[in-house]
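Welcome! Here is a short guided tour for someone meeting this structure for the first time. Please have a look at the sequence and the model before reading on.

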Amino acid sequence: MAEWICRTLRDGGLEGEHAPALTINDTISTSPLGSFVFDHILSHLSSFILSQKSQSKGIVLVAMSRSPLYYEQLLKSKGFDIASSSAWFKVLDCYTDPLGWKSKLMESGSIWNLSPGSSVTVNLCKNVKDLDELWSSILELGKEYSADGKGRFVVAIDSVSEMLRHTPVSSVTALLSNLRSHEENTIITCLILEILCSPETTNSRGCRVQLTPNLLPEASRSGEAPTIQPVDEQRVNSERRGKFRVRVKRRNGRVRMMFEELYVEKSGIKFMPVSSKDEIIAQSLVPKVQFNLELSEKERNDRAKVVLPFEHQGNGKNVEIYDGRKSQSEGKDEMQDTSVEKAKNEFHVSRNVGHELELLQDKNNLKKRADDDKDKDEDL
Amino acid sequence: MTSAPPLNLLDEALGFLSGGGGGGGRMILVEDCVETTGAFILHHLLKRSLSPHSSDVVVFLSFAHPFSHYDRILRKMGCNLVMQRDNKRLLFFDMLMLDRLDRDKGKTSADLLLALYGKVQKAVEVCSSPVDTRRITIIIDDVSLMEVDANGSTNLVLDFLHYCCSLTAQFGCSLITLNHDDVYSTMDRPTLLLQLEYLADVVIKVEPLVTGPATDVHGQLTVLNKGLQDGPGKSRNKVNNFQFRIKDSFVEYFYPGNRS
């Protein structure tokens with residue numbers, strides 16, 4: 001499913017339509033997982049662009065919550081050549097000096113070093129509160145990818161929550177909307193920490209995006225009591241798993257939900273269909289809770305034999321009201337017949353065995369059954 | 001040079017190495033409450049950074065207590081802060097004094113925090129050099145009082161902390177902050193607390209025992225280490241739970257039922 005998301009983003013938008021957009025919603029309990037998914041998609045898009053499979057010529061990364069140095073190391077670890085990365089990867093650094101404090105201090109001579117220390121192409125943004133400037137900086141960087149300045153490019157914002165801390169929701173929404181509707185942009189990938197935004201904030205952006213993966217903590221952890229225990233491997237492993245829920249908004253307005261599990265391993269992040277263990281557990285539970293909507297042949301025959309209260313009325317015979325018991329006269333005859341028959345059989349069996357005691361017991365049973373036939377309310 | 005101090009459960013949970021290395025370039029958040037203070041963790045980390053076997057430097061921003069308070073505690077633990085300050089290994093910013101003096105000059109909270117950040121970065125730049133391998137640790141005691149000094153402006157405090165965090169990436173120094181969890185207990189969405197938890201690579205929660213006060217166990221620690229890095233995009237979480245007992249000159253850490 002994550003691969004499908006990457007492919008959708010790779011294919012880009014059609015002429016005259018909004019660019020496909022992806023929002024990753026994260027929470028504190030899953031906070032590193034959201035960043036891992038962001039990194040995963042970013043590196044996939046990078047490889048698509050490098051192999052020229054994508055509409056886009058390059059990526060403009062708006063680094064709000066991580067330093068450009070981090071992204072340089074990320075690309076290095078994925079095997080990309082940093083020396084030639086300026087042709088397809090540029091960073092708008094809103095992390096190092098987002099409010100211009102360092103620039104002011106440098107001007108006054110208090111500090112000397114402002115460089116983020118990264119070798120990827122970095123443009124410094126010194127005022128993240130000015131979204132117009134941010135918008136023009138993104139476009140400027142994007143236009144550098146093609147000679148005529150008209151090629152498509154990917155915009156990736158690593159934390160919208162950080163942006164929302166400095167600017168109102170309406171301004172951020174306007175920026176995202178403008179980016180999507182701009183003809184030269186392909187995609188917006190952004191990370192929103194759900195817990196840090198009000199529900200209205202998340203919703204206001206949710207309506208403007210097409211793909212919204214939500215990260216949920218592992219179900220088994222949700223009800224876990226805060227008990228004290230030495231660290232064990234199982235607990236450590238449980239911290240590295242999460243549920244990946246994707247809400248896809250189609251062009252025709254249809255909303256589709258998909259689920260996957262994600263694991264963080266030493267080799268990187270891994271997406272798995274929600275099957276394996278959960279499905280096995282579900283299968284083992286199935287026979288215990290089984291019920292059929294359709295009846296079997298035997299059940300159908302049995303049902304046909306049930307005498308309903310309105311049957312046998314008006315056909316010349318006595319009116320019979322079926323209330324779960326048989327009519328008294330018929331019942332008595334039948335009961336007597338069966339009692340005698342049973343007594344005979346029991347006597348027969350006992351005589352064969354040759355135990356007088358059993359015979360006595362059978363006679364007692366017979367007497368008891370006869371007593372049972374009396375009206376129970378008679379004693380009252 | 002003496003040998004490195006032995007590792008206890010807290011050190012191991014924080015990822016320190018027995019040789020004295022590990023734990024650089026990240027943010028550690030200590031969350032405590034009224035019933036169980038987490039100040040002893042700051043003292044422990046301060047002592048560890050200033051241990052004689054290393055040449056690490058500490059930049060200490062104190063919004064809570066004057067220098068003499070820490071000096072008395074650390075002296076009992078076997079660390080002379082006055083000497084470390086004279087040796088330029090401890091740069092102590094007494095915000096109780098500084099703040100008062102600067103406010104008299106009519107400066108706003110934003111001006112004060114900007115100027116303070118300037119001092120912190122200058123100190124970091126002075127102490128760090130490409131040839132020298134000594135690490136720098138910035139300690140803030142405590143964030144909730146910093147918020148009080150910033151006239152309740154959460155955003156301003158977060159801006160300051162963001163800038164301090166940017167130093168961890170730029171210079172590889174560590175940032176350790178203490179915050180009081182229960183200060184925000186009445187708030188529906190405590191932005192400062194949540195943002196700090198998100199920023200931190202390691203979160204240490206100091207809580208009282210669930211079963212109530214006890215004479216030989218003073219509380220429990222939960223250490224969530226988010227930043228066990230196997231490379232970018234390949235980090236993993238680790239949770240450690242254990243109990244502690246604070247004594248005059250040191251703190252005992254042990255698993256429940258394992259106290260000797």
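A polar contact is a pair of N or O atoms within 3.5 Å, and within protein one of them must be able to donate a hydrogen and the other to accept it. Keep that in mind for chain B, where a polar contact of 2.9 Å joins the side chains of E31(B) and K205(B). Please also remember that this is a predicted model.

**A buried residue in chain B**

E31(B) sits in strand β1 of chain B, which covers residues 27-32. Is E31(B) buried or exposed? Its relative accessibility is 1%, and because buried means under 20%, E31(B) counts as buried. Setting aside residues up to four places away in sequence, E31(B) touches N179(B), D181(B), L193(B), E197(B), V203(B), I204(B), K205(B) and V206(B).

**Chain A as a whole**

Now let us turn to chain A, with its 14 helices and 10 strands. Of the 380 residues in this chain, 42% are buried. If you take contacts in chain A between residues at least 6 apart in sequence, 72% of them join residues at least 24 apart. The accessible surface of chain A is about 21600 Å², and 50% of that belongs to carbon and sulfur atoms.

**Around L92(A)**

L92(A) belongs to strand β3 of chain A, residues 89-93. With 1% relative accessibility, L92(A) is buried. Beyond its neighbours within four places in sequence, L92(A) has contacts that include L61(A), V62(A), A63(A), L134(A) and I138(A). The C-alpha atoms of L92(A) and V122(A) are 5.9 Å from each other, although 30 residues separate the two along the chain.

Here are three residues side by side:

| Residue | Place | Relative accessibility |
|---|---|---|
| L92(A) | strand β3 (89-93) of chain A | 1% |
| E31(B) | strand β1 (27-32) of chain B | 1% |
| V274(A) | loop between β10 (268-273) and α11 (276-285) of chain A | 33% |

**A helix and a patch**

Which residues of helix α1 (residues 2-11) of chain A are buried? They are A2(A), I5(A), C6(A), L9(A) and R10(A). Viewed down the axis of α1(A), these buried residues fall within an arc of 135 degrees, so they line one face of the helix. An α-helix has 3.6 residues a turn, so residues three or four places apart point the same way. After α1(A) comes G12(A), with a positive phi near 70 degrees.

At the surface, M257(A), F259(A) and V274(A) make a nonpolar patch of about 260 Å². V274(A) is partly exposed, with a relative accessible area of 33%.

How values were computed. Residues numbered from 1 in each chain as written. Chains lettered and ligands numbered in written order. Predicted model: local features only at pLDDT ≥ 70, side-chain atom pairs only at ≥ 80, totals over all residues. Heavy atoms only, no water. Helix = DSSP H or I, 4+ residues; strand = E, 2+ residues; numbered from the N terminus. Buried < 20%, exposed > 50% of the residue type's maximum accessible area, 1.4 Å probe, protein only. Contact = heavy atoms within 4.5 Å. Areas by Shrake-Rupley, 256 points an atom, 1.4 Å probe, with all protein chains shown as cover. Arc of directions from axis to C-beta. Patch = residues over 30% accessible without salt bridge, like charges linked within 9 Å, V, L, I, M, F, W, Y side chains within 5 Å. Salt bridge = Lys/Arg side-chain N within 4 Å of Asp/Glu carboxyl O.
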